[in-house]
Amino acid sequence: LGTLAFFAAGNEGQARVGYPARDPHAIAVGASTDRGELAGYSNVGEELAFVAPSNGGVRGIFTTDVSLPSRGFNIGKVQAGGADGLHTNNFGGTSSATPLAAGVAALVLSVRPDLKATQVRDLMQQTCEKIGDGYDAHGHSSNFGYGRVNAAKVVAAAKALPRR
């Protein structure tokens, strides 16, 4: 059914989408903030498929961290995500937006494992929320791709597709 290959667009402050994300077979993911704006560090361009939330606004991304002592983003500080060092609130960039988008694709495939990779990508793009401006007649923006991924909307759309 194909492989979905998600890649971070890059964090060079609105430079061109980096390689390998700009490869035609890749799904290039940029970053938005929790305020629905383009993250100032996110790369942009025609190759961008969509954006996903990351840091750069008021809130960042809270996630698990390396479970080895004195390793990772949080080496055991409460203010960095917890005294046990197993979590961090300092994960960001397009490197955190990309696994979020891949997780949304996994949710789609959990309800419709019969979908081809291209169908999942297309559904994700079709159900994006339009944030910001600059969208062309096809609904694409060089800053936001097709918009910000919307997990609830794309999963509902996948469930509603007729089965073959």
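**View 1. Phenylalanine 91 and its aromatic partner in the predicted model.** Phenylalanine 91 has a relative accessibility of 21% and therefore counts as partly exposed, since buried means under 20%. Phenylalanine 73, at 48% relative accessibility, likewise counts as partly exposed. A search of the whole structure finds 2 aromatic pairs. In the pair formed by phenylalanine 73 and phenylalanine 91, the ring centres lie 6.0 Å apart and the planes meet at 50°, so the pair is tilted. Phenylalanine 91 belongs to strand β5 (87-91), whereas phenylalanine 73 lies in the loop between β4 (61-64) and β5; the pair therefore ties together parts that are 18 residues apart in sequence.

**View 2. The rings of tyrosine 135 and phenylalanine 144.** Here the centres are 6.3 Å apart and the planes are at 20°, so the pair is stacked. Tyrosine 135 is partly exposed, with a relative accessible area of 22%, while phenylalanine 144, at 6% relative accessibility, counts as buried.

**View 3. Strand β2 (residues 27-32) and its surroundings.** Of the 6 residues of β2, 6 are buried, so the strand is largely enclosed by the rest of the structure. In a regular strand the side chains alternate between the two faces of the sheet. Ile27, Val29 and Ala31 point one way from β2, and Ala28, Gly30 and Ser32 point the other way.

**View 4. The strands paired with β2.** Strand β1 (residues 6-8) pairs with β2 in the parallel sense over 3 bridges; phenylalanine 7 has alanine 28 of β2 as its bridge partner. Strand β3 (residues 48-53) also runs parallel to β2, joined to it by 5 bridges. Within this pairing, alanine 31 stands opposite alanine 52 of β3.

How values were computed. Residues numbered from 1 in each chain as written. Predicted model: local features only at pLDDT ≥ 70, side-chain atom pairs only at ≥ 80, totals over all residues. Heavy atoms only, no water. Buried < 20%, exposed > 50% of the residue type's maximum accessible area, 1.4 Å probe, protein only. Helix = DSSP H or I, 4+ residues; strand = E, 2+ residues; numbered from the N terminus. Pairing = 2+ DSSP bridges. Phe/Tyr/Trp six-rings, centres within 6.5 Å; stacked < 30°, edge-to-face > 60°.
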